[in-house]
Amino acid sequence: MTSHEPLWPQGLCAGCGLLWPCEPVVAQLVDEHGLGLPLSAALWKLFDQAAHAVPTAPVLALYEQCIRQPLALAEKLNRGDRR
Ligand SMILES: [Zn+2]
């Protein structure tokens with residue numbers, strides 16, 4: 001969990017090159033916050049950081065990447081459905 005940092009404006013992980021936040025980042029956030037509102041709040045912070053890093057990004061795409069998609073991934077991880 002050391003090198004999984006976002007690269008903006010590409011929106012990729014500096015550690016593994018996948019779309020950010022990548023699975024290790026989401027797993028870490030779930031460990032820290034669980035699956036409820038605190039996780040959403042943590043993802044909102046990511047969204048906020050991304051919005052500052054890429055102020056010209058389409059808001060819906062950023063929302064999808066920083067909040068919706070990680071929430072879906074978090075639920076998947078929680079079900080033990082790792083793919
Ligand atoms: Zn990564």
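**Notes on a three-helix packing**

1. A good place to start is helix 1, whose buried residues pack against helix 2 (37-53) and helix 3 (59-78). Helices here are DSSP runs of H or I with at least four residues, strands are E runs of at least two, and both are numbered from the N terminus. "Contact" means that two C-beta atoms, placed from the backbone, lie within 7 Å.

2. Before going further: this is a predicted model, where local features need pLDDT of at least 70, side-chain atom pairs count only at pLDDT 80 or more, and totals for chains, interfaces and linings use all residues. Residues are numbered from 1 along each chain as its sequence is written.

3. Which residues of helix 1 are buried? In this helix (residues 23-33), they are Val 25, Val 26 and Leu 29. They cover an arc of only 95 degrees around the axis, so they sit on the same side of helix 1; the arc is taken from the directions from the helix axis to the C-beta atoms. A residue is buried with 20 or more other C-beta atoms within 10 Å of its own, exposed with 12 or fewer, and partly exposed in between. Just after helix 1 comes Gly 34, with a positive phi near 75 degrees.

4. Those three also belong to the largest nonpolar core, ten residues in all: Cys 13, Trp 20, Val 25, Val 26, Leu 29, Leu 39, Leu 43, Ala 50, Cys 66 and Ala 74. Helices 1, 2 and 3 each supply at least two residues of this core. By definition, a nonpolar core is a set of buried Ala, Val, Leu, Ile, Met, Phe, Trp, Tyr and Cys residues joined through C-beta atoms within 7 Å.

5. Now helix 1 with helix 2: they pack at an angle of about 135 degrees, axes 9 Å apart, which makes helix 1 oblique to helix 2. Axes are lines fitted to C-alpha atoms, for helices over the stretch in contact, and angles run from 0 to 180 degrees between N-to-C directions. Under 35 degrees counts as roughly parallel, over 145 as roughly antiparallel, 65 to 115 as roughly perpendicular, and the rest as oblique. On the helix 1 side Leu 29, Val 30 and His 33 meet Pro 38, Leu 39 and Ala 42 of helix 2.

6. How do helix 1 and helix 3 cross? Their axes come within 9 Å and cross at roughly 70 degrees, so helix 1 is roughly perpendicular to helix 3. Glu 23, Val 26, Ala 27 and Val 30 of helix 1 make the contact with Pro 70, Leu 73, Ala 74, Leu 77 and Asn 78 of helix 3.

7. For helix 2 and helix 3, the axes come within 9 Å and cross at roughly 150 degrees; the two are therefore roughly antiparallel. Among the helix 2 residues in this contact are Leu 43, Trp 44 and Phe 47, and the helix 3 residues include Cys 66 and Ile 67.

8. Ile 67, in helix 3, is worth a look. With 18 C-beta neighbours inside 10 Å, Ile 67 counts as partly exposed. Leaving out residues up to four places away in sequence, Ile 67 touches Leu 43, Trp 44 and Phe 47.

9. Finally, check two cis peptide bonds. One joins Trp 8 and Pro 9, with omega about 10 degrees, and Pro 9 lies in the loop between strand 1 (6-7) and strand 2 (12-13). Another joins Trp 20 and Pro 21, with omega about 0 degrees; Pro 21 lies in the loop between strand 2 and helix 1.
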